[in-house]
Amino acid sequence: MSSQPSKTLETFENPQKDRDYTIRIRVPEFTCLCPKTGQPDFAELRLEYVPDERCVELKSLKMYVWSFRDEGAFHEAVTNLILGDLVAATAPRFMRLTAEFNVRGGVYTTVTAEHRAPDWQPPLEVKLP
């Protein structure tokens with residue numbers, strides 16, 4: 001295989017730095033291992049962010065997500081770790097990561113973590129008639 005999992009998140013320059021806009025990315029095939037049993041956990045990751053100077057490059061995100069496949073992680077820990085790595089790579093104005101894990105032992109888990117730059121305020125929502 002020419003592609004390999006990687007912890008490196010590549011970025012590119014935001015083409016519209018002067019505008020607040022939202023990027024939404026859905027990753028329906030996230031997998032990691034239960035740290036207690038070693039069994040696979042499956043989740044859909046939903047990333048939403050308002051970029052500042054940098055945007056995350058999608059192929060590197062795919063390889064990054066793949067890198068968790070053989071790692072044990074609690075749902076809460078892995079969601080916050082991924083958010084922290086994405087924030088470190090892109091320094092967004094705002095970022096939210098929601099990880100919706102499939103059922104395990106009759107229990108579904110959804111973890112949502114957010115980052116907001118200290119000097120950023122969301123724009124007012126426009127409601128049209």
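R93 sits in the loop that runs between helix 2 and strand 5. You might expect to find an arginine in a loop on the outside, so where does R93 stand here, buried or exposed? In this predicted model, R93 counts as buried because its relative accessibility is 12%, and the cut-off for buried is under 20%. Its side chain also has a polar partner: one of its polar atoms lies 2.4 Å from the backbone oxygen of K17. Leaving aside residues up to four places away in sequence, R93 touches K17, R19, D20, V50, P51, D52, H115, R116, A117 and W120.

With that loop as a starting point, let us step back to the whole chain. Its secondary structure comes to two helices and six strands, and reading along the sequence gives the pattern β-β-β-β-α-α-β-β. The C-alpha trace spans about 50 × 40 × 25 Å along its principal axes. Of the 129 residues, 36% are buried. Among contacts with a separation of 6 or more, 68% are between residues 24 or more positions apart.

Now to the sheet. Four strands form an open sheet in the order 2-3-5-6, and their pairing is antiparallel. At its edges are strand 2 (23-33) and strand 6 (107-116), each of which pairs on one side only. Ignoring direction, neighbouring strands in this sheet are turned by 15 degrees against each other on average. Strands of a sheet pair through backbone hydrogen bonds. Inside this sheet, strand 3 (residues 40-50) and strand 5 (residues 94-104) run antiparallel and are joined by eight bridges. If you would like one pair to find on screen, take L47, whose bridge partner in strand 5 is L97.

Helix 2 (residues 75-90) packs on the sheet and touches strand 2, strand 3, strand 5 and strand 6. The direction of helix 2 makes about 155 degrees with that of strand 5.

Helix 1 comes next. At its start, a side-chain oxygen of E57 reaches to within 3.1 Å of the backbone nitrogen of K59. Further in, which residues of helix 1 (residues 58-66) are buried? They are S60, L61, M63, Y64 and V65. An α-helix has 3.6 residues a turn, so residues three or four places apart point the same way. The buried residues of helix 1 pack against strand 2, strand 3, strand 4 (54-56) and helix 2.

One of those buried residues, Y64, leads us to the aromatic groups. The structure holds four aromatic pairs. Y64 and F68 make one of them, in an edge-to-face arrangement with 5.2 Å from centre to centre and 80 degrees between the planes. Why does this pair count as edge-to-face? The angle of 80 degrees is the reason, because planes over 60 degrees apart fall in that class. Both partners are hidden from the surface: Y64 counts as buried because its relative accessibility is 0%, and F68 is buried too, with a relative accessible area of 2%.

Y64 and F68 also belong to a wider group, since F30, Y64, F68 and F101 form one aromatic cluster. A lysine joins the picture here. K7 lies over the face of F68, at 3.4 Å from the ring centre, and K7 also lies over the face of Y64, at 5.7 Å from the ring centre.

Technical notes: Residues numbered from 1 in each chain as written. Predicted model: local features only at pLDDT ≥ 70, side-chain atom pairs only at ≥ 80, totals over all residues. Heavy atoms only, no water. Phe/Tyr/Trp six-rings, centres within 6.5 Å; stacked < 30°, edge-to-face > 60°. Buried < 20%, exposed > 50% of the residue type's maximum accessible area, 1.4 Å probe, protein only. Lys NZ or Arg CZ within 6 Å of the ring centre and 35° of its normal. Pairing = 2+ DSSP bridges. Axes fitted to C-alpha atoms, helices over the stretch in contact; angles between N-to-C directions. Contact = heavy atoms within 4.5 Å. Polar contact = N/O pair within 3.5 Å; in protein donor to acceptor, adjacent residues only side chain to side chain.
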